[in-house]
Amino acid sequence: MNTYLDGRTPAARPGSRFLIFGLAVIIAIGGLTTRLFYLQVVSGGQFAALSQGNRSTVQAVPASRGLIYDRAGRVLVKNVPTFAVKIRPVDLPEERRDEVVARLSALLSIDVAEINRAIDANPGSRFDLVRIASDVPDATARLLSEAGDSLPGVEVVIEARRQYPSGPLVSQILGYTGPVSPEQLDSLKKEGYLPDDLLGKSGIEAYYERELRGLYGSELVERDATGRKLQVLEPITAAKAGNSLRLTLDVKAQANAQKALQWGMRAAGLKRGVVIVMNPQTGEILAMVSLPTYDNNAFARGIGAKDYAKLLNDKNKPLLNHAVQAHYPPGSTYKLVAGTGAIADGKVTARTRVLTRPYLLLGRTRFWEWNRRGWGPCNMMCGFGHSSDTYFFQLSGMLGIERLAHWAREYGFGAKTGVDLPGEVAGIVPTNAWKQEALGEPIYPGEVYQAGIGQGYDVVTPIQLANAYSALANGGKLYQPQIVREIVGPDGTVVRPFKPKLVRRLDVPRSVLKTMREASRNVVLIRHTYNLV
């Protein structure tokens, strides 16, 4: 190599530099070509599949919820198409949340706090849709659909809403549907429920949720970069509609019963009341009215927090089905228990006369006859017919609290009837053991008197009372009351036909039941009750 005298190396010739640069370019292009060949030819199928997966996803297809009819085939519950507004939290930038929520609040007439509460209470992941509003008007739904990027994360979907044509007339029985709660979703996820699902919340809608709901289907859908649905690529499994229900209820009988109850409540100045019409030979409920009531269509449309709070805080409890979910002192209707027990245990016969007085004295306490006079010597026809308190005080004293409790349980008191409605309570049949546990002391003699006329610690539900007298009327068969007569499949076939459900036969001699039937009939035939009618 040549060098200058001062030790410097002479610069490379221009041709050498171009040669080195050309070799570098060739090597780089060769490497890129090799990589492109690998990506497109060798791994092209794999990456194409990944690309397809990134823009497509499996989506659930809702099933049509089953309908509900009365015994004559009149529609009590149906499905109608409606718009719902939902938010996918992952697509809602936090810095724009206040802006989006404020605009939704103005368009939907929903408080900002309610919308934020719905988003924050989302029981699913941030990728799941959160229901903000149901039954949205068409014009509002169109406006929101066209908003596009100005309302990120907001989606308008078409879904089925429950409609109750008879409204408050049967709300206590039918109940309503509502959004699944976080607590419910924890246990229902394994059954296929989704975070924005609707399910039965009360009444038949809740009790027969599994039969009514149906099964989700699935489909492969294409989405854009924002997660919005573009098209259905292919169906995977078909949704299966839920079963429908045919009730034992007759909606015309229900209307007549409600009208009669409203008249009676006005006449008596009452705020709550129940009427039950029951077939004693089968246990079928033909009418069940509980007042006050409410309109379950308000829940189907998405009831607001203020309106819901108003119903909850109403002291007369319109959301409660008082026929099965509340218990009350039975009063003179409970004299059936003391009368049955006294004859069955041989304390008196049907003809035994017991002297009724203005009052009975226990220590210094007077236990008064309701008319403050008494009826003189009375047998069962007289004592039951006049509903004499002092007559049944004496019969109860002869029996004692334990035998009173025995005969009460024989008629079904103190236990749930098993009626197919949610929230049934069992009532209370007092005994010495019960009072010791509840109050720490035994039953006193005066409390035995009160128990015999249904004014002590005894409390019963209206459905128990109707069932007990049905057992008396039919000769001693205690049936399980039924609201749903048949379960019908989507194709119209009967999945579960009606069959009376006999709980047991009363362990009461037929002669005793005959006497008590005649005595009960006498209540509406003698003078003082006839004049009231």
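Reader: What covers the buried residues of helix 13?

Author: In this predicted model, the cover over the buried residues of helix 13 includes helix 14, helix 15, helix 16 (401-410), helix 18, helix 19 and helix 20.

Reader: What makes helix 13 largely enclosed by the rest of the structure?

Author: A residue counts as buried when its relative accessible area is under 20%, and 9 of the 10 residues of helix 13 are buried, so the helix is largely enclosed by the rest of the structure. The buried residues are K335, L336, V337, A338, G339, T340, G341, A342 and I343. After helix 13 comes G346, whose phi is positive, near 75°.

Reader: Why is helix 13 called oblique to helix 15?

Author: The axes of helix 13 (residues 335-344) and helix 15 (residues 389-399) come within 9 Å and cross at roughly 55°. Angles under 35 degrees count as roughly parallel, and those from 65 to 115 as roughly perpendicular; the crossing angle of roughly 55° belongs to neither class, and therefore helix 13 is oblique to helix 15. The crossing of these two helices is also left-handed. On the side of helix 13 the contact is made by K335, A338, G339, G341 and A342, and on the side of helix 15 by D389, F392, L395, S396 and L399.

Reader: How do you know which classes of residue make up the contact of helix 13 with helix 15?

Author: Ala, Leu and Phe are among the residues that count as nonpolar, Asp and Lys are among the charged ones, and Gly is placed with the polar ones. Sorted in this way, the contact of helix 13 with helix 15 has 5 nonpolar, 3 polar and 2 charged residues.

Reader: Which residues bring helix 19 and helix 20 into contact, and what does the classification make of them?

Author: Helix 19 (residues 462-473) and helix 20 (residues 510-523) pack at an angle of about 115°, with their axes 9 Å apart. Y469, L472 and A473 in helix 19 meet L513, M516, R517 and S520 in helix 20, and these residues divide into 5 nonpolar, 1 polar and 1 charged.

Reader: Why is the pair of Y294 and F299 called edge-to-face?

Author: Two aromatic rings pair if their centres lie within 6.5 Å, and planes over 60 degrees apart count as edge-to-face. The ring centres of Y294 and F299 are 5.7 Å apart and the planes stand at 80°, so the pair is edge-to-face. Y294 is buried, at 5% relative accessibility, and F299 is buried as well, at 9%. The structure holds 14 aromatic pairs, and Y176, Y294, F299 and Y308 form one aromatic cluster.

Reader: What makes the pair of F367 and Y449 a tie between parts that are apart in sequence?

Author: F367 lies in strand 15 (residues 365-368) and Y449 in helix 18 (residues 445-452), so the pair ties together parts that are 82 residues apart in sequence. The pair is edge-to-face, with 5.4 Å from centre to centre and 80° between the planes. F367 is buried, with a relative accessible area of 9%, and Y449 counts as buried at 14%.

Reader: Why is K317 called partly exposed, and S387 buried?

Author: Buried means under 20% relative accessible area and exposed means over 50%, with partly exposed in between. K317, at 39%, therefore counts as partly exposed, whereas S387, at 17%, is buried. K317 is found in the loop between helix 12 (305-313) and helix 13, and S387 lies in the loop between helix 14 (380-385) and helix 15. Phi of K317 is near 55°, a positive value in a residue other than glycine, and phi of S387 is likewise positive, near 55°.

Reader: How do you know that P330 is buried, and which residues does P330 touch?

Author: The cut-off for buried is under 20% relative accessible area, and P330, at 10%, therefore counts as buried. P330 is found in the loop between helix 12 and helix 13. Leaving aside residues up to four places away in sequence, P330 touches G454, D458, V459 and V460. P330 and G456 are 126 residues apart in sequence and 9.4 Å apart in space, C-alpha to C-alpha.

Reader: Where is P292, and what is the peptide bond from L291 to P292, cis or trans?

Author: P292 has its place in the loop between strand 12 (285-291) and helix 11 (297-301). The peptide bond from L291 to P292 is cis, with omega near 5°.

Key: Residues are numbered from 1 along each chain as its sequence is written. This is a predicted model: local features need pLDDT of at least 70, side-chain atom pairs count only at pLDDT 80 or more; totals for chains, interfaces and linings use all residues. Side-chain values use heavy atoms; hydrogens and water are left out. Axes are lines fitted to C-alpha atoms, for helices over the stretch in contact, and angles run from 0 to 180 degrees between N-to-C directions. Helices (H or I, at least four residues) and strands (E, at least two) are DSSP runs, numbered from the N terminus. Angles under 35 degrees count as roughly parallel, over 145 as roughly antiparallel, 65 to 115 as roughly perpendicular and the rest as oblique. A crossing is left-handed if the near helix is turned anticlockwise from the far one by less than a right angle, and right-handed if clockwise. Contact means heavy atoms within 4.5 Å. Buried means under 20% relative accessible area, exposed over 50%, partly exposed in between (1.4 Å probe, protein chains only). Rings of Phe, Tyr and Trp (its six-membered ring) pair if their centres lie within 6.5 Å; planes under 30 degrees apart count as stacked, over 60 as edge-to-face and the rest as tilted.
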